[in-house]
Amino acid sequence: MMEIKKIIAVAGVLLGTAGVVHAYLRKAPSKATREFTDLAEDLLKETELAKGSFTEADIATLPGPVRRHLRRCGYLGKPKMACMKGVFPDVDFSLGKGKKTIKIAYTQYNFVDGPDRIAYIDSSIYGVPFEGVDAYIDGKGSMKGIIGKKITLFDIDGEAMDKASLVTFLSECLFVPNAALQDYIRWEAIDAHHAKAVITAHGISAEGVFTFNEDDEMIAFTTDDREATTMDGKSEKIRWSALCGGYKEINGIRQPTELKAVWHYDDGDFTYFDTKAAMMSYDKINNRQERNQ
């Protein structure tokens, strides 16, 4: 695969002079935005509202630290959710180990039924729009990057992506805790501050361990079931963690506002996703007005 700079240069040549390029990029329709919007609209239309509210009976069989976390965050008595929208407006995102770090805006939806998950990256590289669409739908995972709103930089799928996407959904199940109660996730007690979870969907299983602090906040999820995949499609099995912090009460729910994604390489940890302005919401994503936005 050509280096990103070379691809951008080729795009510039194809589109003409610098002025024409910038004018085009400002006005051109976005292939990635359209794809993500279509996926979100289709999944939201298929999603039915969850019934009932979280009760002590719902969480009775969960490991102790998970039960305490859900109580601490204020979910008991709140309506169960069918899906979650996550918005991360200011993320430091690395294009790979030893490569450039860029600023991105990241938006995702997690759907309890399925389970399904989609995400959209909006950014630029050297002044040229760079977008991405991650999807896990019907058991199939994929990761796509688009430069200049038109040119596909990479498009990766396959078994490694299927499992990576599944375990990513698992890592976020306590952000949308109705998912944590579903039959496709099995919980195992470890100790007062750790619990293991195993997710099985579409014939694939993945697992990881959640860590909780003294304040009953979930602060980490760690797994060996996720591969680091580069833009040229190469994969390497590396221990992976999602780290959480900065808990704040938002709309009556305590949720983390600081999130990191970390690969634990033998020569040191590599953080490729780092945000301090995360926000998850549930109450509006099923109404028709937001579906049509």
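Let's start on helix α3, where Lys 45 and Glu 46 are exposed, meaning over 50% relative accessible area with a 1.4 Å probe and protein chains only. Helices here are DSSP runs of H or I, at least four residues, and strands are runs of E, at least two, numbered from the N terminus.

A note on the source. This is a predicted model, where local features need pLDDT of at least 70, side-chain atom pairs count only at pLDDT 80 or more, and totals for chains, interfaces and linings use all residues. Residues are numbered from 1 along each chain as its sequence is written, and side-chain values use heavy atoms, with hydrogens and water left out.

Back to α3. The helix covers residues 31-46. On the other side from Lys 45 and Glu 46, Ala 32, Phe 36, Ala 40, Leu 43 and Leu 44 are buried, which is under 20% relative accessible area. Seen down the axis, the buried residues of α3 fall within an arc of 100°, taken from the directions from the axis to the C-beta atoms, so they line one face.

Now the cores. A nonpolar core is a set of buried Ala, Val, Leu, Ile, Met, Phe, Trp, Tyr and Cys residues joined through side-chain atoms within 4.5 Å. The largest has 68 residues. Phe 93, Cys 173, Leu 174, Trp 187, Phe 210 and Phe 273 touch the most other members. Apart from it lies another core, of 13 residues, including Ala 32, Phe 36, Ala 40 and Leu 43.

Finally, the whole chain. There are 7 helices and 16 strands. Of 293 residues, 50% count as buried.

Note on methods: Expected span 1.5 Å × (residues − 1).
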